[in-house]
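Please look through the structure shown here before reading on. The questions and answers that follow are meant for a first-year student.

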Amino acid sequence: MSTVEQILDVRKVGGVIGAEVTGVRLSGDLDAVVVAAVRAAVLEHRVVFVRGQEHLDDDTQAAFARRLGELTTAHPTVEGYGRNVLAVDSQTGNRANSWHSDVTFVDRPPAFSLLRAIVLPPYGGDTSWANTVTAYQGLAAPLRALAEQLWAEHTNDYDYATSHAVAELTEEQAAYREVFTSTTYRTEHPAVQVHPETGEKALLLGQFAQRFVGVNGADSKYLLALFQEHVTRLENTVRWQWQPGDIAIWDNRSTQHYAVADYGDLPRRLHRVTVAGDVPVSVDGRRSVARQGDAGEYSAARS
């Protein structure tokens with residue numbers, strides 16, 4: 001039995017990603033040993049789910065998140081609830097129904113994300129996560145070698161309709177996109193990053209990755225699709241059916257996620273808090289480079 005299992009009740013819910021943690025009441029004053037065990041569970045399982053956390057509000061969610069590290073602001077461009085809380089709200093056009101890691105268009109993407117269910121539709125609205133470490137490991141050796149050489153440009157200014165598989169944007173989606181792109185960010189990240197805590201190699205792609213540096217548009221599109229297909233294979237994913245009081249905590253450096261928009265016009269709102277991360281580092285030691293936009297106010301430099 002691992003040290004984590006001696007402290008927490010942990011049950012895997014997917015073959016290579018996802019676990020449910022029970023017997024813990026999250027708070028800002030949680031014992032340090034328990035906080036360390038939660039962090040270790042997230043690193044091991046990539047995403048953990050904790051039910052029965054109805055006692056949490058925005059302040060207590062943020063207070064617990066601070067036990068994992070310094071917080072970012074809510075978002076680089078979208079106004080939050082207070083300084084640190086972002087509402088993922090379908091009624092405002094914020095439907096994250098495309099595979100992505102959070103905020104990779106800046107040079108310091110979050111280390112951890114914590115998402116708490118507030119309003120849920122009576123059906124649908126699940127979220128899926130994918131393991132970007134096992135996706136890298138599952139590549140054939142020549143493809144791993146290729147991926148390790150590639151750098152991708154990530155930006156928040158992309159074709160929203162195409163990425164979200166809609167014929168045209170609704171009025172709410174168009175308004176949200178205008179805010180989302182009010183400041184344009186472009187950052188070059190390695191396609192394979194080395195995890196700063198575990199040393200594992202993971203693919204760093206998702207919807208914000210729009211092209212590979214030095215590769216033409218057609219080839220970039222093909223290669224992005226090729227690597228993304230490995231990330232999102234069903235065997236590499238877990239799907240969570242939300243219940244009131246649920247909170248999901250995931251390692252943004254080793255996962256992508258997708259909120260399934262299968263609930264029509266029904267309201268769905270969850271609140272997200274993110275923990276600041278490091279500048280990603282490639283397998284040969286080079287660091288990501290911001291080409292446009294200064295994200296210093298969103299996430300303070302850590303390395």
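The exchange below sets values for this predicted model against the definitions behind the terms.

Q: Why is arginine 46 called buried?
A: Its relative accessible area is 6%. Buried means under 20%, so arginine 46 counts as buried.

Q: What is notable about the phi of arginine 46, and where is the residue placed?
A: Arginine 46 has a positive phi of about 75° although it is not a glycine. It is found in the loop between helix 2 and strand 3.

Q: How do you know whether valine 103 is buried or exposed?
A: The relative accessibility of valine 103 is 3%. Because the cut-off for buried is under 20%, valine 103 counts as buried. Its phi is also positive, near 55°, in a residue other than glycine. Valine 103 belongs to the loop between strand 4 (86-89) and strand 5.

Q: Why is helix 5 called oblique to helix 8?
A: The axes of helix 5 (residues 141-149) and helix 8 (residues 217-231) cross at roughly 120° and come within 12 Å. Angles of 65 to 115 degrees count as roughly perpendicular and those over 145 as roughly antiparallel. The crossing angle of roughly 120° fits neither range, and therefore helix 5 is oblique to helix 8.

Q: Which residues meet where helix 5 and helix 8 come together, and what is the handedness of the crossing?
A: Leu143, Leu146 and Ala147 in helix 5 meet Leu223, Leu226 and Phe227 in helix 8. Helix 5 passes helix 8 in a left-handed crossing.

Q: What makes strand 12 and strand 14 edge strands?
A: The open sheet has three strands in the order 12-6-14, with antiparallel pairing. Strand 12 (237-240) and strand 14 (255-259) each have a single partner strand, so one side of each is left without a neighbour in the sheet. The twist averages 20° from one strand to the next.

Q: How do you know that strand 6 and strand 14 pair?
A: At least two bridges are needed for two strands to pair. Strand 6 (residues 127-131) and strand 14 are joined by five bridges in the antiparallel sense, so the requirement is met. In one of these strands, strand 14, threonine 255 is the bridge partner of asparagine 131.

Q: Why do strand 11 and strand 16 count as edges of their sheet?
A: Four strands form this open sheet in the order 11-7-8-16, and the pairing is antiparallel. Strand 11 (209-212) and strand 16 (289-292) each have a single partner strand, so one side of each lacks a neighbour in the sheet. The average twist from one strand to the next is 30°.

Q: How do you know that strand 8 and strand 16 pair?
A: Three bridges join strand 8 (residues 186-190) to strand 16. Pairing requires at least two bridges, so these antiparallel strands qualify. Glutamate 188 stands opposite valine 289 in strand 16.

Q: What makes strand 1 and strand 2 a pair?
A: Strand 1 (residues 9-12) and strand 2 (residues 19-22) run antiparallel and are joined by four bridges. Since at least two bridges are required, the two strands pair. Aspartate 9 stands opposite threonine 22 in strand 2. The hairpin has six residues between the strands, and glycine 18 takes a positive phi near 100° there.

Conventions
Residues are numbered from 1 along each chain as its sequence is written. This is a predicted model: local features need pLDDT of at least 70, side-chain atom pairs count only at pLDDT 80 or more; totals for chains, interfaces and linings use all residues. Side-chain values use heavy atoms; hydrogens and water are left out. Axes are lines fitted to C-alpha atoms, for helices over the stretch in contact, and angles run from 0 to 180 degrees between N-to-C directions. Angles under 35 degrees count as roughly parallel, over 145 as roughly antiparallel, 65 to 115 as roughly perpendicular and the rest as oblique. A crossing is left-handed if the near helix is turned anticlockwise from the far one by less than a right angle, and right-handed if clockwise. Contact means heavy atoms within 4.5 Å. Buried means under 20% relative accessible area, exposed over 50%, partly exposed in between (1.4 Å probe, protein chains only).
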